[in-house]
Amino acid sequence: MVQIVHLNGQFLPLEEARIPVLDRGFIFGDGVYEVIPVYSRHPFRLQDHLKRLQHSLDGIRLANPHSDVEWTALVRELIARNEGEDQYLYLHITRGVAKRDHAFPKDTPATVFMMSSPLLPPDPVLRQNGVAAITAVDNRWLRCDIKAISLLPNVLLRQLAVDAGTAETVMLRDGFLSEGAASNIFVVRDGILLAPPKGPLMLPGITYDVVLELAAANNIVFHVEPVAESILRSADEIWLTSSTKEILPITHLDGHAVGSGTPGPLYRKLDQLYQDYKATIMRQPSS
Ligand code: PDD
């Protein structure tokens, strides 16, 4: 399978895509990105992803190189040029190629890279049994709402999870839950779904929004409020959410069982609602 990518206006095989080493993404990690799932060739929540992309670009003071109409056309073309009904798209925008200097370069076009990869459904065994996670101090910066390509803290935090033989690192900042190294985290306690509020200390997840919308539409009681470490540690259920992992139950945290140590009833309900919702998206006619 030839993987076709988009680089600065051109579609070409991945192996042929090249960027100069002075790209500020390479030199400084100076850029932002998006990950968009595609089901049955339909980009999932594209407008929401483009809105978050704009928020990230605003956050790093980089002009959006494309209008939403242009992005939509590029996304559709990239999907069409790649094999596979289910894909995930990676969009990456940097401040371009310039002599190495921390300050912004003048009149430098942004670098735009887009790639499609096969999207595999989350492993049914993980949905059935849940995953283990560890906790760690959230030592990232104070603008975690920007989906920045400079992911070194997230990389190190995720590796802690891998080193511990677990799937994710759940981060705590000043005694409160923030999010996972590459996911948002929900907690269920006494039958109530708890979600940390959006703000500068976490990425506003698109899956997070879908979960709360589904909860609201199905009379599931939820509170969007700061989640203290003590609540996290006495949770009946913990879930992680992301565009590529959907909703997964965390059944062990720092080696202790969460609730019964198996996926809880509210997880099963929300996961089913999520699968049903995805199915309605897939049935929509292609535009
Ligand atoms: N990551 N928080 C962080 C730090 C993330 O990196 C992600 C997703 C999320 C969930 O956001 P969403 O539901 O919009 O995917 C939360 C993507 C998948 C990644 O970096 O590959």
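## Ligand site in a predicted model

Domain 1 (4–118) and domain 2 (124–280) both contribute residues to the shell around the ligand, so the ligand lies between them. The model is predicted.

The space that the ligand takes up is the largest pocket. Around the ligand there are 19 residues, of which Tyr33, Arg52, Glu179, Thr207 and Ser243 come nearest. By class, the shell holds six nonpolar, ten polar and three charged residues.

Four secondary-structure elements each supply at least two residues of this shell: the strands β3 (31–39), β9 (176–180) and β13 (237–242), and the helix α6 (206–217).

Among the nearest residues, Tyr33, Thr207 and Ser243 have polar contacts with the ligand, as listed below. In each row, the distance runs from a polar side-chain atom of the residue to an oxygen atom of the ligand.

| Residue | Ligand atom | Distance |
|---|---|---|
| Tyr33 | oxygen | 2.6 Å |
| Thr207 | oxygen | 2.5 Å |
| Ser243 | oxygen | 2.7 Å |

On its own, the ligand has 480 Å² of accessible area, and the protein covers 89% of this area.

In short, the ligand occupies the largest pocket, with residues from both domain 1 and domain 2 in the shell around it.

Key: Residues numbered from 1 in each chain as written. Predicted model: local features only at pLDDT ≥ 70, side-chain atom pairs only at ≥ 80, totals over all residues. Heavy atoms only, no water. Near = heavy atom within 4 Å. Polar contact = N/O pair within 3.5 Å; in protein donor to acceptor, adjacent residues only side chain to side chain. Areas by Shrake-Rupley, 256 points an atom, 1.4 Å probe, with all protein chains shown as cover. 1 Å grid on protein atoms, 1.4 Å probe; cavity = no way out; pocket = protein on both sides within 12 Å on 5 of 7 lines; lining within 4 Å. Sits in = over half its atoms within 2 Å of the grid points. Nonpolar A, V, L, I, M, F, W, Y, C, P; charged D, E, K, R; others polar. Domains from an automatic or database assignment.
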